[in-house]
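Here's a quick walk through one model, stop by stop. Keep the viewer open and follow along.

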Amino acid sequence: MKFMAAMQPTFMPWIGYFAMLDTVDEFIFLDDVQFTKRSWQMRNFLKGPEGPILLSLSVAGKPSRPLICDTRLSESGFEIKIMRTIETLFKTAQFADYAVNIVSSAFATCGGNLSVLNCNIIRKISKLVGINTPTHLSSKLPVGPREKSMRLLDLARYFKADCYLSPVGSLDYLRDSNHFETSEVMLQFFNYVHPHYPQGGGEFLSHMSALEALAHIGPGEFLATIRQGVNSPLTMQEVLESTHEKL
C-alpha cells in the first residue's frame, strides 16, 4: 500500500512532523496555501531553563496576504537573535553543532523566502538522520487549487497513493467535507504518542522543535527515537470516538 501525506512547511517542526514524513512514501509541502501570521509557519518552541522559549521569524509586510511560497522574510536582521538564542540554549548539548549548523545554513541559502527556509531545515534534518521519503512542493505540481479535501484527494491520485495519511489536527474540515469517503483512496489519521528523550535535565517538555532531539540525542539516535511514538493509523470514526472519550 502506498501512503501519501501533505503538510504546510512549518518552522523547525516538532518530531511528530518528521515521524509522519518517515512513515509515508510521498510527502507534499503545501506551500501554495494562505500564510497565517502567528502560526507554526513562522514560529516554534525550544526548551529554556524556566520553560518553553518561543522563537519567531519576522516577515515582510508585503505582499499582503501572500501564499506561503510567496512570503518574504524581513530584512531587519532578526535571524542573528534567533541564532544566538539557539546557540545559548544548546551550549551544553552534545550534538549542538548539528542543530546550529542546519539552521544557520538554511538562513544563508533561503534567499529571504519563508517557504524555502522552512523546507531547507526540514530536508536538511531528514537527510542527516536518514529519512529518505521524496518531498514535493504543491506549488510546483500540476494539481490546481480546489476545496481543501478535494485538493488532497487530487494530490493523492496524482501520486497514485492508496491511502492519504492525515494529521489529527485536520479532522474538523475533513469531517465536514470528506471526498475520500466516496473515492478509491483510503483516508487514515496519523496516530502518534510523543516519546521521551534526554533534554539536558529538568522536566521533560513535549512538542518542542525537533532541533531539541537532534541537539541532545544526535542524528544516530534520532530516527529510532521518533519511531517509538508511531502507532497503527486510525480511521475517522476511531479519531472521533477517541476525541469524544476525552471530553
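## Starting at Ser149

Let's begin in helix α5, which spans residues 148-158 and is where Ser149 sits. Keep in mind that this is a predicted model. Is Ser149 buried or exposed? Ser149 has a relative accessible area of 0%, so it counts as buried.

For polar company, the Ser149 side chain has that of Glu147, in a polar contact of 3.0 Å. Setting aside neighbours within four places in sequence, the residues in contact with Ser149 are Tyr173, Leu174, Ser177, Asn178, His179 and Phe180.

## Helix α4

Next up is α4, covering residues 114-129. Its 16 residues stretch 23 Å from first C-alpha to last, close to the 22 Å you'd expect at 1.5 Å a residue. Both ends have something to look at. At the start, a side-chain oxygen of Asn113 comes to within 2.9 Å of the backbone nitrogen of Ser115. Just past the other end, Gly130 adopts a positive phi of about 100 degrees.

Plenty of α4 is tucked away: its buried residues include Leu114, Leu117, Ile121, Ile122, Ile125 and Val129, along with polar ones such as Ser115, Asn118, Asn120 and Ser126. What lies over them? The cover includes the helices α1 (15-23), α3 (96-109), α7 (210-217) and α8 (219-227), and strands β2 (26-29) and β5 (135-137) are also part of it.

## The nonpolar cores

The largest nonpolar core takes in 60 residues, and Leu57, Ile86, Phe90, Leu211 and Phe222 have the most contacts inside it. Phe222 is a handy one to click on. Beyond its neighbours within four places in sequence, Phe222 is in contact with Ile125 and Val129, and also with Ile15, Phe18, Ala210, Ala213, Leu214 and Ile217. There's also a second, separate core of 23 residues, with Leu152, Ala156, Val185 and Leu187 among its members.

## Cysteines without a bridge

How many disulfides does the structure hold? The count is 0. Why is Cys69 not bonded to Cys119? The Cys119 sulfur is the closest cysteine sulfur to that of Cys69, but at 10.0 Å it's too far for a bond.

Accessibility is another thing to check for this pair. Cys69 counts as buried because its relative accessibility is 18%, under the 20% cut-off. Cys119 is buried too, at 2% relative accessibility.

## A hairpin

Now for some strands. β3 (residues 43-48) and β4 (residues 51-56) run antiparallel and pair over 6 bridges. Together they make a hairpin, with 2 residues between the strands. To find the register, pick Leu46: its bridge partner in β4 is Ile53.

## Two loop residues

His194 lies in the loop between β7 (186-192) and α7, and at 15% relative accessibility it counts as buried. Its side chain reaches the backbone nitrogen of His207 at 3.0 Å. Not counting residues up to four places away in sequence, His194 touches Trp14, Ile15, Phe204, Ser206 and His207.

Pro142 is in the loop between β5 and α5. Is Pro142 buried or exposed? With 64% relative accessibility, Pro142 counts as exposed. Its C-alpha is separated by 9.9 Å from that of Asp154, which is 12 residues away along the chain.

How values were computed:
Residues numbered from 1 in each chain as written. Predicted model: local features only at pLDDT ≥ 70, side-chain atom pairs only at ≥ 80, totals over all residues. Heavy atoms only, no water. Helix = DSSP H or I, 4+ residues; strand = E, 2+ residues; numbered from the N terminus. Expected span 1.5 Å × (residues − 1). Buried < 20%, exposed > 50% of the residue type's maximum accessible area, 1.4 Å probe, protein only. Contact = heavy atoms within 4.5 Å. Polar contact = N/O pair within 3.5 Å; in protein donor to acceptor, adjacent residues only side chain to side chain. Core = buried A, V, L, I, M, F, W, Y, C linked by side-chain atoms within 4.5 Å. Disulfide = S-S within 2.5 Å. Pairing = 2+ DSSP bridges.
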